[in-house]
Amino acid sequence: MAITMQVLKLLIQCKCARSMGFPSGQFSRVDNFSTSCQWRARKKVSQYSTVDTERYSSLVRAVLSSKTSSQTPASIDDEDCQLYGPVIRSRPPSQQPKVPKNLHPLLNEAKGQSEYVPGPLARITLQRDSNRTSPSVTRILQKTMPPDQAFYLERWKRRMIAELGEEGFKEYTLNIFRQGHLFHSAIEDHFTQETPVKEDPERPLEVSGFVESASHVLNDITGVRAIESAVHHSTLQYLGIVDCVAQYRGSLCLIDWKTSEKPKPSLRHTYDNPLQVAAYIGALNSDTNYNYQVKNGLIVVAYKDGSPAHAHFLNSEQIGTFWEKWLLRLEEFAEK
């Protein structure tokens, strides 16, 4: 029985060898038998087996027993300071806000605090022949436009020309100016005609959205004093045309009407418009054609789709800040 079991083990061993691709004659004699079929490869000799471990044992113990360095960023800085001297850090250049060379006052002391006497609406026509040497507020702002603002404006212009072509862009620009003119005319009619502007059947359809957009602001405006009236600063020698001067929620304001196809919910989205309003206020206060002074401003941005207009109110403190910025732009224009 024992012999039979050994024969069976031999047969199993040979069968496993054939399945691995070895000829059967190679296993004519098997010294040790095992019920598990395993092929044991020859043990590979490591290149580190010849290393003299006794020679490097002290080095290994030193590395394994060493502690973390006690140096810290502060100690390294102290060491560098002793070796190379203290670090001299450069200070950024001071960016103090510019101040106008001639800080001309916004208010006119000559007018004093005289009480306003109601009268007919002021509609003073701009006499360009008598003011040839006085540039307009719009021209001054265009000639002194900041580089970053000019860059974005030029990029927008190129993008529009790429979409519409040269002639298409000219037509688009003329249409924008035409819509703005019609909107201003509609606002003027609102304050001067008995027929409300929203009910006027002769009102152009292309301006209907702008009027609807500004309707909630118009309801808060009372006591209109001037509409589309020219102003001239006799000392600083510039001029412009004021859209409207009236009471807005109890405050006398110089109002500037703007149209836009994109929303402008924040004052910063109006770019140079606050400077324009401040310039007009300064000119009106200086102009003897007006027996009153204005301290506040209002920028109303109406939208073509009829969505509610954004009304940006500028109090006297804000107007004072933008007045100083306007004076800087005025000085820059004079130096060109």
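Mentor: Before any numbers: accessible areas here come from the Shrake-Rupley method with a 1.4 Å probe. Also, this is a predicted model.

Trainee: Fine. How much area does the protein expose?

Mentor: About 23500 Å². Carbon and sulfur atoms supply 53% of that exposed area.

Trainee: And what share of the residues is buried?

Mentor: Buried residues make up 32% of the 336 in the protein. Buried means under 20% relative accessible area.

Trainee: How many helices and strands are there?

Mentor: Eight helices and five strands. Along the sequence the pattern reads α-α-α-α-α-α-β-β-β-α-β-β-α.

Trainee: What about contacts far apart in sequence? What share do they take?

Mentor: Take the contacts with a separation of 6 or more. Residues 24 or more positions apart account for 71% of them.

Trainee: Let's do the strands. How do β1 and β2 run, parallel or antiparallel?

Mentor: Antiparallel, with nine bridges between β1 (residues 221-233) and β2. Ile221 stands opposite Tyr248 in β2. Their hairpin has four residues between the strands, and Gln237 takes a positive phi near 60° there.

Trainee: Which way does β2 pair with β3?

Mentor: In the antiparallel sense, over five bridges. Ala246 faces Cys253 of β3 in that pairing. The hairpin has two residues between the strands, and Arg249 in the turn has a positive phi of about 55°.

Trainee: Why is β2 called largely enclosed?

Mentor: Because nine of the 11 residues in β2 (residues 238-248) are buried.

Trainee: Next pair. How do β3 and β4 run?

Mentor: Parallel. Eight bridges join β3 (residues 251-260) to β4. Cys253 turns up again, with Asn296 in β4 as its bridge partner.

Trainee: And β4 with β5, how many bridges?

Mentor: Five, and the strands run antiparallel. β4 spans residues 296-303 and β5 spans 310-314. Val300 sits opposite Ala311 in β5. Six residues separate the two strands in the hairpin, where Gly306 has a positive phi near 85°.

Trainee: How many β4 residues are buried?

Mentor: Eight of its eight. Both faces are covered. One side has Asn296, Leu298, Val300 and Ala302; the other has Gly297, Ile299, Val301 and Tyr303.

Trainee: Switching to helices. Why is α6 largely enclosed?

Mentor: Eight of the 11 residues of α6 (residues 208-218) are buried, so the rest of the structure largely encloses it.

Trainee: Which ones are buried?

Mentor: Gly209, Phe210, Val211, Ser213, Ala214, Ser215, Val217 and Leu218.

Trainee: What covers them?

Mentor: The cover includes helix α5 (147-192) and strands β1, β2, β3, β4 and β5.

Trainee: Pockets now. What volume does the second largest pocket have?

Mentor: About 380 Å³.

Trainee: Which residues lie nearest its centre?

Mentor: Lys98, Lys325, Leu328, Arg329 and Glu332, out of 14 lining residues.

Trainee: Where does the largest share of the lining come from?

Mentor: Helix α8 (residues 316-335), which gives six residues to the lining of the second largest pocket.

Trainee: How does that lining divide into nonpolar, polar and charged?

Mentor: Six nonpolar, one polar and seven charged in the second largest pocket.

Methods:
Residues are numbered from 1 along each chain as its sequence is written. This is a predicted model: local features need pLDDT of at least 70, side-chain atom pairs count only at pLDDT 80 or more; totals for chains, interfaces and linings use all residues. Side-chain values use heavy atoms; hydrogens and water are left out. On a 1 Å grid over the protein atoms alone, a cavity is a set of points where a 1.4 Å probe fits but cannot get out, and a pocket is an open set with protein on both sides within 12 Å along at least five of seven lines; lining residues have an atom within 4 Å of a point. Grid points are joined across faces, edges and corners, and a volume is the space filled by probe spheres set on the points. Ala, Val, Leu, Ile, Met, Phe, Trp, Tyr, Cys and Pro count as nonpolar, Asp, Glu, Lys and Arg as charged, and the others, Gly among them, as polar. Two strands pair if DSSP finds at least two bridges between them. Buried means under 20% relative accessible area, exposed over 50%, partly exposed in between (1.4 Å probe, protein chains only). Contact means heavy atoms within 4.5 Å.
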